[in-house]
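Colleague: Got a minute to walk me through this fold? I'd like to go from the sheet to the helices and then the cores.

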Amino acid sequence: MRIKCSHSLFLIVDLQKALLPVIDGSDQAVNEAIWLGSLAQTLDVPVWLTEQYPQGLGGTEPRLIEALPNARLWQKSHFGAHDETDFAEALAALERRQVVICGTEAHICVMQTALSLLEAGYEVYWLVEATASRRQDEAMLAMARVQAAGGVPVTADMVAYEWLERCDNERFKQAHRQFLKKRSARPLRFV
């Protein structure tokens, strides 16, 4: 199944200021989340952010807040965001069944959120270059577990081009100038 703008939500899980210094690949995760989140906002794809225990882990990385001014921020106590009643109800009301997910830690909050979304019947797309943990091996195992449950690993380029669908309109030309061309030469590490 292809990822469609009109069916998508971009969910950024717990990219929080006090947690990021101990995360392997945190700079790339933040930069890629900002890149895809910015594109999502230009294409009217909702962007949601979550925070786990912000009094201990700090709030969302300020670069994300600044770059994604229209993002909706959720605080949660459950590791899996979809286990929060308000979150689950708001997502159901949004009527978007495809969730592109990324964040930290891959093997805890991102994985549990992805698994609960899959259990609830959502399509889950795991954004590989923007999902990280303290240890890379745990991030890889989390992705494999979500994939075994029906989640699909994707890259930001895959998502962007599927959202855009075609190259012969002004929407693509603008996205190419503003986002795609600048990103093409950027080196990335894929977990």
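Colleague: Which residue stands opposite Val-99 in strand 5?

Modeller: Quick caveat: this is a predicted model, where local features need pLDDT of at least 70, side-chain atom pairs count only at pLDDT 80 or more, and totals for chains, interfaces and linings use all residues. Numbering starts from 1 along each chain as its sequence is written, and side-chain values use heavy atoms, with hydrogens and water left out. Strands here are DSSP runs (E, at least two residues; helices are H or I, at least four), numbered from the N terminus. Strand 4 and strand 5 run parallel and are joined by five bridges, and the residue facing Val-99 is Val-124.

Colleague: What is the strand order in the open sheet?

Modeller: Two strands pair if DSSP finds at least two bridges between them. Strand 3 (72-76) and strand 6 (152-154) each pair on one side only, as edge strands. The pairing is parallel, and the six strands come in the order 3-2-1-4-5-6.

Colleague: What angle does helix 4 make with strand 2?

Modeller: Angles run from 0 to 180 degrees between N-to-C directions, with axes as lines fitted to C-alpha atoms, for helices over the stretch in contact. Helix 4 (residues 85-94) packs on the sheet, and its contacts (heavy atoms within 4.5 Å) are with strand 1, strand 2, strand 3 and strand 4. Its direction against that of strand 2 comes to about 175°.

Colleague: And how do helix 5 and helix 6 lie to each other, roughly parallel or roughly antiparallel?

Modeller: Helix 5 (residues 106-119) and helix 6 (residues 136-148) have axes 9 Å apart and an angle of about 5°. Under 35 degrees counts as roughly parallel, over 145 as roughly antiparallel, 65 to 115 as roughly perpendicular, and the rest as oblique. So helix 5 and helix 6 are roughly parallel.

Colleague: Which element gives the most residues to the largest nonpolar core?

Modeller: A nonpolar core is a set of buried Ala, Val, Leu, Ile, Met, Phe, Trp, Tyr and Cys residues joined through side-chain atoms within 4.5 Å; buried means under 20% relative accessible area, with exposed over 50% and partly exposed in between (1.4 Å probe, protein chains only). This core has 36 residues, and Leu-36 and Trp-163 are among those touching the most other members. With eight residues, the top contributor is helix 1.

Colleague: How many residues are in the other core?

Modeller: That one lies apart from the largest core and includes Leu-11, Cys-109, Val-124 and Val-146. Its total is 27 residues.
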